Amino acid sequence: MVGAGAAGLSAGLTLARARRTTLIIDAGQQSNLAAPDIGGLLGHDRQAPARFYAAGRVELAAYPYVESRPGEVARGEHEDDGGFAVTLSDGRRERARSIVLAPGMDYRYPRLPGMDERWGSSVFHCPFCRGWEVSDRPLGVLADGAVGVHGALNLRAWSDRITLLTNGSGKLTDEQRERLVAGGVGVDERPIAALDGPGAELRSVVFAGGGELAVGALLVKTVLHQRSSLAGDLGATVIEPDEMLSVEAIKVDAMQRTGVPGLYAAGDAATSVPPSMAAAVASGHLAGASAAVGLAAGY
Ligand SMILES: Cc1cc2nc3c(=O)[nH]c(=O)nc-3n(C[C@H](O)[C@H](O)[C@H](O)COP(=O)(O)OP(=O)(O)OC[C@H]3O[C@@H](n4cnc5c(N)ncnc54)[C@H](O)[C@@H]3O)c2cc1C
């Protein structure tokens, strides 16, 4: 198992309960650790992410079939016997009959001064994760084109003061502008210089040409990229992001199989739906079950 976030822990639990000897190697960089809490995961709503992962690790430790180890898988390759070998960044090598890839994704958002320190709290990518917490504030949406229009109109569920900020991209069409205005959404197309506010809070967006707009939180378009070349190196197909979903995902079938015998992928790294903790838990469970079935079938 590569990765022990929601997907990897869920796959590990399924494999442990199927009595499959499982080594979980995890670099400990779960993507939502930047956020104060988890929104929208049944049974764990508004719980701190670190608490969720700690509880998952305790559940797994109760099974004798699982070894969890901190570390990073640097390389992977096929063995002549049909299995796999991986090399960790500390140089150690491990062999496995099957691999579940659950490494999460690199969430890339626009690089603007003031963004990093607010990422996960007043700057967010998913209204279903964070919208509740920032409800009724004046909200900005930093995006353009069809994604920006969709994001801004959708965000009206959480506030009636929404402004689409295109950061000078010039990509909005007249028809899109009209739809936004008709929907009660403000449009500001000025280039942005920085975000401002105390600590992780956001008070305003400051424009490059001077002036600012009061904004209490900002939804930003985010593109998810693979964190390493591991999936491709092992023969999996990686799909280019499209405009609406924007995820460079590992291609899998409905049972999380990559098409490479013995290689499965789950969580953000293999998602074809908007990424979430719930989706990661579900796909991890499927990947674990698929791997167990594959092992029983002789992969
Ligand atoms: C800021 C932020 C806030 C979010 N808030 C919410 C929310 O409130 N509600 C919600 O439903 N969703 C939320 N999400 C989305 C949610 O966090 C993800 O969908 C979910 O964490 C994906 O789980 P995962 O197991 O696929 O990946 P991750 O949780 O990212 O875990 C992957 C793990 O694999 C490790 N890893 C990566 N590469 C290697 C390697 N080569 N070797 C070993 N280990 C490796 C990583 O270090 C990490 O520990 C948020 C995302 C972000 C970025």
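This is a short walk through the ligand site and a pocket of the structure above. Keep in mind as you look that the model is predicted.

Let's start with the ligand and its neighbours. The shell around the ligand is made of 37 residues, and Asp26, Gln29, Gly39, Val73 and Asp268 are the closest. Sorted by class, this shell holds 18 nonpolar, 14 polar and 5 charged residues.

Next, turn to the backbone, where several polar contacts reach the ligand. Gln29, already named among the closest residues, has a polar backbone atom 2.8 Å from an oxygen atom of the ligand. A backbone N or O atom of Ala7 sits 3.0 Å from a ligand oxygen atom, and for Gln30 the distance between a polar backbone atom and an oxygen atom of the ligand is 3.4 Å. On its own the ligand has 1,000 Å² of accessible area, and the protein covers 96% of it. Three elements each give two or more residues to this shell: α1 (6-17), β1 (22-26) and α7 (277-296).

Where does the ligand lie with respect to the domains? Domain 1 spans 6-107 + 223-297 and domain 2 spans 110-220; because both give residues to the shell, the ligand lies between them.

Now move on to the second largest pocket, which holds about 470 Å³ of space. Its lining comprises 19 residues, with Thr21, Thr22, Leu23, Ala96 and Ser98 nearest the centre of the pocket. By class, this lining has 12 nonpolar, 3 polar and 4 charged residues.

Which elements supply at least two residues each to the lining of this pocket? They are β1, β5 (93-96), β6 (99-101) and α7. You have met two of these names before: β1 and α7 also give two or more residues to the shell around the ligand.

Note on methods: Residues numbered from 1 in each chain as written. Predicted model: local features only at pLDDT ≥ 70, side-chain atom pairs only at ≥ 80, totals over all residues. Heavy atoms only, no water. Near = heavy atom within 4 Å. Polar contact = N/O pair within 3.5 Å; in protein donor to acceptor, adjacent residues only side chain to side chain. Areas by Shrake-Rupley, 256 points an atom, 1.4 Å probe, with all protein chains shown as cover. Helix = DSSP H or I, 4+ residues; strand = E, 2+ residues; numbered from the N terminus. Nonpolar A, V, L, I, M, F, W, Y, C, P; charged D, E, K, R; others polar. Domains from an automatic or database assignment. 1 Å grid on protein atoms, 1.4 Å probe; cavity = no way out; pocket = protein on both sides within 12 Å on 5 of 7 lines; lining within 4 Å. Points joined across faces, edges and corners; volume = space filled by probe spheres on them.
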